[in-house]
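Reader: I have a model open and want to go through it with you. Please keep the answers short.

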Amino acid sequence: MMRSKNIWGEDAEIFRPERWLEADETQLKLMNSVVELNFGSGKYQCLGKTIAFMELNKIFVEVSTQDQINLMHTLMNLPASETL
Ligand code: HEM
């Protein structure tokens with residue numbers, strides 16, 4: 001499901017966090033519910049889910065400026081035209 005084109009779009013195979021900014025409300029709801037599945041569900045779901053999301057969300061603050069995105073392109077040796 002984490003690579004499903006129906007959920008993530010035709011470019012599901014590539015790491016492109018911008019998809020979260022472009023999604024409309026319905027799409028965002030669907031994407032969020034699929035991400036939640038990574039943590040299991042019901043009685044035995046991950047007890048650290050809230051902490052994990054808190055840690056993961058820090059990434060977006062750290063990588064929030066275009067300069068930092070450009071830097072990541074350089075570090076990852078990607079052409080500027082390619083999305084991260
Ligand atoms: C991206 C990060 C994480 C992912 C994807 C993840 C995923 C999972 C999954 C799939 C399970 C098994 C659920 C099941 O048995 O159905 C689990 C269990 C668990 N996780 Fe995580 N986890 C993450 C981070 C964390 C963190 C940061 C903590 C603690 C601070 C944590 C604590 C636990 C504990 C204690 C369980 C066992 C729950 C139980 O069996 O009752 N996890 N996690």
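Reader: How many helices and strands are there in the protein?
Author: This is a predicted model. Along the sequence, the pattern reads α-α-α-α-α. No strand appears in the protein, and the count is five helices and zero strands.

Reader: Is the protein a compact globule or more spread out?
Author: For 84 residues, the globule rule gives 12 Å. The radius of gyration is 15 Å, well over that value. The C-alpha atoms fill a box of roughly 45 × 30 × 20 Å along the principal axes. The radius exceeds the rule, so the protein is more spread out.

Reader: What share of the 84 residues is buried?
Author: Being buried takes 20 or more other C-beta atoms within 10 Å. In the protein, the share of buried residues is 1%.

Reader: How far apart are the end C-alpha atoms of helix α4?
Author: Helix α4 covers residues 49-62, which is 14 residues. At 1.5 Å a residue, the expected span is 20 Å. The model agrees, with the end C-alpha atoms 20 Å apart.

Reader: How many residues of α4 are buried?
Author: The helix α4 lies largely in the open. That follows because, of its 14 residues, the number buried is zero.

Reader: Which class has no residues in the shell around the ligand?
Author: Residues surrounding the ligand include Asn38, Phe39, Tyr44 and Ile51. The shell has six nonpolar and four polar residues. The class with no residues is charged.

Reader: Is Glu10 buried or exposed?
Author: Glu10 lies in the loop between α1 and α2. It has 7 other C-beta atoms within 10 Å. The limit for exposed is 12 or fewer, so Glu10 is exposed.

Methods. Residues numbered from 1 in each chain as written. Predicted model: local features only at pLDDT ≥ 70, side-chain atom pairs only at ≥ 80, totals over all residues. Near = placed C-beta within 6 Å. Nonpolar A, V, L, I, M, F, W, Y, C, P; charged D, E, K, R; others polar. Helix = DSSP H or I, 4+ residues; strand = E, 2+ residues; numbered from the N terminus. Expected span 1.5 Å × (residues − 1). Rg over C-alpha atoms; globule rule 2.2 N^0.38 Å.
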